[in-house]
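Okay, thanks for coming, everyone. Have a look at the screen, and then I'll walk you through it.

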Amino acid sequence: MPLVITPAIVLASLRYSETSKIVRLATREHGVQSGIAKGALRPKSRFGAALQLLSDGVAHLVVKEHRDLHLLTAFDVTRVRIGLAERLDRYAAASSLAEVMLRFAPPDPHPDSFDLLRHALDLLEAAPEAEVEATGLRLLWALVGSLGFSPSLDTCVRDGTPLDPAGSLAFSARDGGALCAACARGQAATLLPADARGDLVALLDPDAPLPALDDRHAAAHRRLLSRFIRFHLGEGAALPALEFWERRPWTAA
Ligand SMILES: [Zn+2]
């Protein structure tokens, strides 16, 4: 059984038996993989505190051919992202990124998405407080895009009609982007006023300045993105982290 040594990020971790853990890892060279860390819950385990959610490290996996669960023999942690756990808005966005990666990354290697996720977690941890919300939106759109699901905003997603670059925009999460006036007729599309359209364009462009979103606009963008993910990647799966991020229950009165 080959030993695979690869950069990895801990996406999820669950208890397995009295002493062991199963972790889901995004790996750079081998896609998303599951590994059992035997003895990880023992007080003097060699894993120590290495298997924290969203930590970066180098995973040593003994890969069992044609099996879904491999043996994790070591995880040399290189970065523990404590800053993400300290504030719920950072944590909610980060766990949504992890959830999207976990559910939707193809089983084959996807180094671009891995690099993007790793960079995204660093940015979220370092973002000034006032920019966490918009940063999270931009990073989630970027990850969704790197997995092959960028929304179309310049031309109608149904018939390719070029769209007037000014004014409001009909956006259909179901169709995967903007609709021309003819296609939008009678459809349950979201009408983005010019300012919200401009904010969405800026969120999708990593080189544009981050838009300043008030609570109402931020909530609308979270709903839009969440719906987009559900339609294009969700396939009916429960996405609890995304739902938590979208609803921000911790801010409810
Ligand atoms: Zn159209």
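Let me start with a bit of vocabulary: two strands pair if DSSP finds at least two bridges between them. Helices (H or I, at least four residues) and strands (E, at least two) are DSSP runs, numbered from the N terminus. This is a predicted model, where local features need pLDDT of at least 70, side-chain atom pairs count only at pLDDT 80 or more, and totals for chains, interfaces and linings use all residues. Residues are numbered from 1 along each chain as its sequence is written, and side-chain values use heavy atoms, with hydrogens and water left out.

So, strand 5 to begin with. Strand 4 (residues 56-62) runs antiparallel to strand 5, and 7 bridges join the two. Valine 58, for instance, has aspartate 76 in strand 5 as its bridge partner. Between these two strands the hairpin has 6 residues, and there histidine 66 takes a positive phi near 60°. Strand 5 (residues 69-79) also pairs with strand 3 (residues 31-37), this time in the parallel sense and over 3 bridges. Glycine 35 is the residue opposite histidine 70 there.

Next, the zinc ion. Which protein donors does the zinc ion have? They are Cys156 (SG), Asp159 (OD), Asp159 (OD), Cys180 (SG) and Cys183 (SG), lying 2.2 to 2.7 Å from the ion. Donors here are N, O and S atoms within 2.8 Å of the metal (3.2 Å for Na, K and Ca); water is not among the atoms, so sites may look incomplete. Along the sequence, the donor residues follow the spacing C-x2-D-x20-C-x2-C. Buried means under 20% relative accessible area, exposed over 50%, and partly exposed in between (1.4 Å probe, protein chains only). Cysteine 156 is buried at 2%, while aspartate 159 is partly exposed at 44%.

Now a second piece of sheet. It's an open one of 3 strands in the order 7-6-8, with antiparallel pairing. Strand 7 (177-179) and strand 8 stand at the edges with a single partner strand each, so one side of each has no neighbour in the sheet. From one strand to the next, the twist averages 45°. Axes are lines fitted to C-alpha atoms, for helices over the stretch in contact, and angles run from 0 to 180 degrees between N-to-C directions. Helix 6 packs on this sheet, touching strand 6 and strand 8, and its direction makes about 90° with that of strand 8. Helix 7 lies across strand 6, strand 7 and strand 8, at about 135° to strand 8. Strand 6 and strand 7 are joined by 3 bridges, and one pair is alanine 170 with leucine 179 in strand 7.

What about helix 6 itself? Its buried residues are Ala196, Arg197, Asp199, Leu200, Ala202 and Leu203. They pack against helix 4 (132-146), strand 6 (169-172), strand 8 (190-192) and helix 7 (215-234).

One last residue. Where is serine 168 found? It sits in the loop between helix 4 and strand 6, and is partly exposed, with a relative accessible area of 43%. The C-alpha atoms of serine 168 and leucine 192 are separated by 5.5 Å, although the two residues are 24 apart along the chain. Contact means heavy atoms within 4.5 Å. Leaving aside neighbours within four places in sequence, serine 168 is in contact with Leu191, Leu192, Pro193, Ala194 and Arg197.
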